[in-house]
Structure formats: structure tokens, C-alpha cells
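Reader: I am in my first year and would like to take a close look at one part of this model. Could you walk me through the disulfide and its surroundings, step by step?

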Amino acid sequence: MPWKSLIVIIGFAALPLVGAAAPALAQTSSTAQTNEPAVSAPPRVRRHIEITPRPLLYRRCTDWYELQYRPSGTVLFPQKRCWWVRG
């Protein structure tokens with residue numbers, strides 16, 4: 001096995017050990033220097049911009065009832081007409 005690939009394999013095998021030791025070491029050193037309890041940072045509020053553009057067109061509708069003559073008898077039937085209007 002070539003030396004380069006052996007070094008890479010050993011490096012990847014040791015990576016979880018180094019990553020787990022670093023946070024524990026940092027936590028013990030910060031509490032050892034100060035006697036105060038660690039204060040966490042306040043939660044960050046995500047700011048957002050709300051954009052509500054005015055629509056260029058909207059529908060205007062009118063409705064009415066109309067008598068329709070059917071074989072079974074006269075029926076009052078709803079009608080509706082809509083059109084687009086510039087806003």
C-alpha cells in the first residue's frame with residue numbers, strides 16, 4: 001500500500017477523535033478561567049421585507065337573477081358577468 005493512501009486513511013480515522021475533543025476542551029477552559037456561568041447569546045430575529053405590489057388588473061363582477069322558461073316551469077336562475085378593470 002502506498003504511503004500517501006495510508007496517511008490519508010489514518011487521517012480520516014483520527015478525525016472524529018480530534019473533533020470530539022476540541023469542544024470539550026474549549027468548554028472546560030472557559031469555565032476554569034471565570035467563575036460566572038456561561039450566558040448564551042440572545043436568539044437572532046430574522047428580519048424580512050414584505051412586498052405587496054398593487055395589482056395592475058382586477059376583476060369587477062355584477063350579478064342578477066333572470067327568469068328562464070323551462071318545460072317543467074319558469075325558474076329564477078342566477079346570472080353573473082365579470083370583466084377586467086385596471087387598478
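Author: The structure, which is a predicted model, holds one disulfide. This disulfide joins cysteine 61 to cysteine 82, with an S to S distance of 2.0 Å, and it links distant parts of the chain, since cysteine 61 lies in strand β1 and cysteine 82 in strand β2, 21 residues apart. The torsion about the S-S bond of cysteine 61 and cysteine 82 is about 110°, and the disulfide is therefore right-handed. As for how open the two cysteines are, cysteine 61 has a relative accessibility of 35% and so counts as partly exposed, while cysteine 82, with a relative accessible area of 31%, is partly exposed too; the range for that term runs between under 20% for buried and over 50% for exposed.

The two strands that carry these cysteines are themselves paired: β1 (residues 57–70) and β2 (residues 73–86) run antiparallel and are joined by 14 bridges. In this pairing leucine 57 stands opposite arginine 86 in β2, and a hairpin of two residues connects β1 to β2.

Strand β1 also takes part in a feature of the surface, a nonpolar patch of about 550 Å² that is made by Tyr65, Leu67, Tyr69 and Leu76. Strand β1 gives the most to this patch, with three residues. Tyrosine 69, which is found in strand β1, has a relative accessibility of 68% and therefore counts as exposed.

Notes
Residues are numbered from 1 along each chain as its sequence is written. This is a predicted model: local features need pLDDT of at least 70, side-chain atom pairs count only at pLDDT 80 or more; totals for chains, interfaces and linings use all residues. Side-chain values use heavy atoms; hydrogens and water are left out. Patches are made of residues with over 30% relative accessible area and no salt bridge: like charges are joined within 9 Å, nonpolar side chains (Val, Leu, Ile, Met, Phe, Trp, Tyr) within 5 Å. Accessible areas come from the Shrake-Rupley method with a 1.4 Å probe; for residues, only the protein chains shown count as cover. A salt bridge is a side-chain nitrogen of Lys or Arg within 4 Å of a carboxyl oxygen of Asp or Glu. Helices (H or I, at least four residues) and strands (E, at least two) are DSSP runs, numbered from the N terminus. Buried means under 20% relative accessible area, exposed over 50%, partly exposed in between (1.4 Å probe, protein chains only). Two strands pair if DSSP finds at least two bridges between them. A disulfide is a pair of cysteine sulfur atoms within 2.5 Å.
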